Amino acid sequence: MALSLFAFAAQPSQLIKSRETKTQSSLTPLSVSANPNSSPACALQCQHFDSCSGCTHQWNLHRPVVLDEVTEFFRDSGVSDFTFDTCRLWGWRCRAKLAVRGSSDKPLVGLYEEGTHNVVDIPSCRAHHPNINAAVELLKQGRFSLEAYCFQAFLFLLLAVSFILELMAVTLHNTSLPWSERYRSGRVQITLVWNSRSENSPSSDKLNALAQFLWRSGGPSSYVHLVHSVWANFQTSSSNIIFGNRWRHLLGERDFWEHVGGIDVALAPSSFGQANTRAFDSLLRKLHTYVPYGTSVTDLYAGAGVIGLSLAVARKCRSVKCVEINKEAKASFEKTISRLPESIDSSISWHQADTSNEPLSWLEGSDVVVVDPPRKGLDPPLLDALQTIASSERKAQLSESSSLKEKNEKRPWILRAREAAVQIESKTTWEKSSSLPQTLIYISCGWESFKEDCNSLLSSKAWHLEKAHGFNFFPGTQSIEILAVFKRGQGTSKKKKKTSKKKSKQQS
């Protein structure tokens with residue numbers, strides 16, 4: 001049976017290992033070594049590389065193979081000052097999804113070998129936060145309770161460093177400590193995905209025995225306090241769907257907190273969370289600089305609202321509207337807003353809705369829209385609404401007021417979506433606006449889909465690309481995280497600016 005350690009982020013185990021492409025070119029404005037053999041300090045140096053499917057290249061971790069293409073794409077799109085943050089190169093993964101095979105005498109915990117269900121044991125993974133590896137070793141020590149039945153279950157370990165280990169997950173929440181100490185003191189939240197209907201099933205004694213062993217050996221009474229909490233998820237499906245709908249907290253702290261973007265964030269085991277916490281924090285702080293103080297923001301594909309809420313605090317937004325299709329994110333959102341500063345003066349709402357249904361209704365009244373779609377990119381109806389935003393704005397100006405349109409709206413699915421599942425009113429009464437956003441901030445984890453969406457937006461002439469930054473969220477893989485800032489209109493090309501300067505000189 002399979003135990004699975006999981007991460008809420010793109011899964012490197014799904015990447016296909018290929019021969020490394022060792023590019024030799026410079027990156028403006030960054031200065032990096034071109035020869036992989038000349039930079040051993042940036043090499044993976046992992047003993048599992050040849051057999052593990054998690055990483056696709058082991059040289060120049062600070063420079064993903066796709067980086068040259070990305071730089072050239074943005075240069076051709078008018079952004080010559082594209083920057084790339086190399087981020088932490090080892091021990092960066094704070095959430096891990098791992099499969100478990102083997103026997104009670106020799107359990108294997110790691111990733112599937114490419115194209116098979118054979119598990120490659122990776123006890124010394126260089127990408128994992130060290131406490132994830134420690135939690136895996138602790139799990140293996142509990143093999144006396146991992147009898148044949150248990151190997152038909154899944155194991156979900158997240159690392160969260162208070163950094164705390166969760167599912168395996170690590171939280172960097174303890175802000176009283178410097179980053180380096182928070183990193184070292186991380187604890188692990190472990191979720192066991194169990195092949196039974198509930199905690200009352202016949203196999204529950206084995207589940208409880210394993211949970212008790214993990215808590216006794218890694219909890220607060222142990223020599224090293226490694227385990228933050230233990231959870232169970234019950235899943236009886238034989239499909240590739242990992243999680244069932246039933247979650248149970250077994251031992252340890254119930255709430256899992258992270259500190260990113262300047263706020264405390266609550267993440268349930270069922271919530272999506274970035275695997276590279278520190279890189280995500282860097283991205284958020286860069287994003288903040290592109291949102292003016294006091295603006296209205298719509299956060300689409302919002303999840304638990306981390307991006308929107310961090311903007312509400314850092315940029316003192318007039319309003320923040322978070323839209324997310326997954327209802328499981330609501331509980332995390334509610335806990336997170338409970339820790340926002342009392343001084344915050346912003347109208348904040350969270351809506352469970354599909355952004356592909358009437359997307360223009362979510363854009364209305366916002367100065368800035370932030371999108372953080374899944375790897376496939378923007379939903380077509382939303383992309384279409386962004387491409388035609390100028391004509392929609394003209395029509396809105398000629399039509400009746402927004403308040404009257406809302407009053408006449410009768411479609412139940414629209415009315416349900418507009419009704420906020422969570423609402424915090426601002427202390428200040430702000431005048432309602434029906435304007436459409438002038439700034440689009442696009443966060444992408446899928447480079448190919450981003451290129452398509454970007455070209456569509458630019459070709460529509462409704463938007464121009466103003467800034468772009470890359471982040472090394474998954475060192476050792478071909479992935480790159482993009483933060484792109486679009487502004488309304490076609491913009492002014494640099495060539496035109498130079499020409500106009502020449503003319504002005506000639507006239508003078």
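Axes are lines fitted to C-alpha atoms, for helices over the stretch in contact, and the angle between two of them runs from 0 to 180 degrees between N-to-C directions. The model on display is a predicted one.

**First stop: helices 2 and 4**

Select residues 130-141, which form helix 2, together with residues 204-218, which form helix 4. The two helices pack with their axes 10 Å apart and at an angle of about 125°. Helix 2 is therefore oblique to helix 4, as the angle falls neither in the 65 to 115 range of roughly perpendicular axes nor over 145, where they count as roughly antiparallel. The crossing of helix 2 past helix 4 is right-handed.

Next, display the side chains at this contact. Helix 2 contributes Leu138, Leu139 and Gln141, while helix 4 contributes Leu210, Phe213, Leu214, Ser217 and Gly218. Sorted by class, the contact comprises five nonpolar and three polar residues, with no charged residues.

**Second stop: Asp264**

Move to strand 12, residues 263-266, and select Asp264 within it. Its side chain makes a polar contact of 2.7 Å with the side chain of His259. Add Arg339 to the selection: a further polar contact, at 3.4 Å, joins the side chains of Asp264 and Arg339.

**Third stop: an aromatic pair**

The structure contains eleven aromatic pairs. One of them is formed by Phe333 and Trp350, whose ring centres lie 6.3 Å apart. The planes of Phe333 and Trp350 make an angle of 35°, and the pair is classed as tilted. Phe333 belongs to helix 7 (residues 329-337) and Trp350 to strand 15 (residues 347-352). With their positions 17 residues apart in the numbering, the pair links distant parts of the chain.

Conventions. Residues numbered from 1 in each chain as written. Predicted model: local features only at pLDDT ≥ 70, side-chain atom pairs only at ≥ 80, totals over all residues. Heavy atoms only, no water. Helix = DSSP H or I, 4+ residues; strand = E, 2+ residues; numbered from the N terminus. Parallel < 35°, antiparallel > 145°, perpendicular 65-115°, else oblique. Left-handed = near helix turned anticlockwise from the far one by under 90°. Contact = heavy atoms within 4.5 Å. Nonpolar A, V, L, I, M, F, W, Y, C, P; charged D, E, K, R; others polar. Polar contact = N/O pair within 3.5 Å; in protein donor to acceptor, adjacent residues only side chain to side chain. Phe/Tyr/Trp six-rings, centres within 6.5 Å; stacked < 30°, edge-to-face > 60°.
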